[in-house]
Amino acid sequence: MGRYVIRRLLQMIPVFIGTTFLIFVMVHALGDPVNALFGDRAPDPAVAAQIRAEYNLNDPLWLQYLKYMGNLFRWDFGTTFSGQPVTSLLAAAYPTTLRLTAVAFVIEVVLGIALGLLSGLRRGRLADNAVLALTLIVISIPTFVTGYVLQYLVGVKWGILPATAGEELNLQSLLLPGLVLASVSLAYVARLTRTTVAENSRADYVRTAVAKGLPRRRVVVNHLLRNSLIPVVTFLGTDLGALMGGALVTERIFNIHGVGFYLYQGIVRQNSNTVVGFVTVLVIVFLAANLLVDLLYAVLDPRIRYA
């Protein structure tokens, strides 16, 4: 196991370098950030030259990337055009988004697996058809539509939960945006769980457990569900980073100043350091989540061993 972890960590290095380089190139291909900084007004040539020199914008793109990576190893993501360190924005945004993502992830795991298990165990019945229809509707509706509809109904009309999160991010204020953020992923988890449970319910080891006279709850939880969760865990691991990146729409609907808010501001203002810095941390989250998923395989299925 130890050698496998070391090998995976070493494999993550070229993936991280290649991904961050592509992000760096795409962000800098958006246009001239100096002209975007001044908007419709023509920048003073001396001021523009000073800004380009200060932020190394006159250097070739490959040299800018090397300097960025050199600073990154010192946990220096550069500064915005207003002089604010990007690390301070990261420190302000990521705890907020992590709390929202944690709420959404718990909702996705609990409701998604529960609905999928119910549907898989009652395959072809009313409960199964209802879950399939409900998840198909959720997948078909864009997130911003779901967000605005639930915000109006649950938050404004019925007053069950706060309509906006505001500055005090407690559990009550994060439940509604967490549900909106998790809605599409929840539907996929439910459908994926339903498929794997339905397939494994006909497996030999399930029939053997039933023939041995084991209680139905033990058969379902210890045998059927545990082996059915391997593809679900794979999806959840990759979706963890997607939830953080996909929070942009949800955070804007519910007025949450997290990763999505600062990413949007950075893209609109073409502040390359902000965009690259935030996306770089998202890449690290994706890589760490994928590594964790691979390690969880051996926990869920004892037949899986790593050389």
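A charge is taken to sit over a ring when NZ of Lys or CZ of Arg is within 6 Å of the ring centre and within 35 degrees of the ring normal.

**View 1. The charged end of Arg252 over the ring of Tyr264.** In this predicted model, the charged end of Arg252 sits over the ring of Tyr264, at 3.9 Å from the centre of that ring. The distance of 3.9 Å satisfies the cut-off because a charge need only be within 6 Å of the ring centre, provided that the angle condition is also met.

**View 2. The largest nonpolar core and the helices that supply it.** The largest nonpolar core has 27 residues, and those with the most contacts inside it are Tyr68, Phe77, Leu90, Tyr94 and Phe278. At least two residues of this core come from each of helix H1 (2-28), helix H4 (61-72), helix H5 (86-121), helix H12 (259-268) and helix H13 (272-300). Of these, H13 gives the most to the core, contributing eight residues. In soluble globular proteins, nonpolar side chains tend to be buried together.

**View 3. The surroundings of Tyr68, and a second core.** When residues up to four places away in sequence are not counted, Tyr68 touches Phe24, Phe77, Val276, Gly277 and Thr280. A second core, separate from the largest one, has 19 residues, among them Ile107, Leu174, Val180 and Ala182.

**View 4. The aromatic pair of Phe21 and Tyr65.** The count of aromatic pairs comes to eight. One of them is formed by Phe21 and Tyr65, whose rings lie 5.1 Å apart from centre to centre with 80° between the planes, an edge-to-face arrangement. This pair links distant parts of the chain, since Phe21 belongs to helix H1 and Tyr65 to helix H4, 44 residues apart. Phe21 is partly exposed because its relative accessible area is 34%, whereas Tyr65 is buried, with a relative accessible area of 7%.

**View 5. The aromatic pair of Phe24 and Tyr68.** The ring centres of Phe24 and Tyr68 are 5.6 Å apart and the ring planes stand at 40°, so the pair is tilted. Here too the pair links distant parts of the chain, with Phe24 in helix H1 and Tyr68 in helix H4, 44 residues apart. Phe24 is buried, having a relative accessible area of 3%, and Tyr68 likewise counts as buried, at 7% relative accessibility.

**View 6. The cluster of aromatic rings.** Phe21, Phe24, Tyr65 and Tyr68 are linked into a cluster by ring pairs.

Conventions: Residues are numbered from 1 along each chain as its sequence is written. This is a predicted model: local features need pLDDT of at least 70, side-chain atom pairs count only at pLDDT 80 or more; totals for chains, interfaces and linings use all residues. Side-chain values use heavy atoms; hydrogens and water are left out. A nonpolar core is a set of buried Ala, Val, Leu, Ile, Met, Phe, Trp, Tyr and Cys residues joined through side-chain atoms within 4.5 Å. Buried means under 20% relative accessible area, exposed over 50%, partly exposed in between (1.4 Å probe, protein chains only). Helices (H or I, at least four residues) and strands (E, at least two) are DSSP runs, numbered from the N terminus. Contact means heavy atoms within 4.5 Å. Rings of Phe, Tyr and Trp (its six-membered ring) pair if their centres lie within 6.5 Å; planes under 30 degrees apart count as stacked, over 60 as edge-to-face and the rest as tilted.
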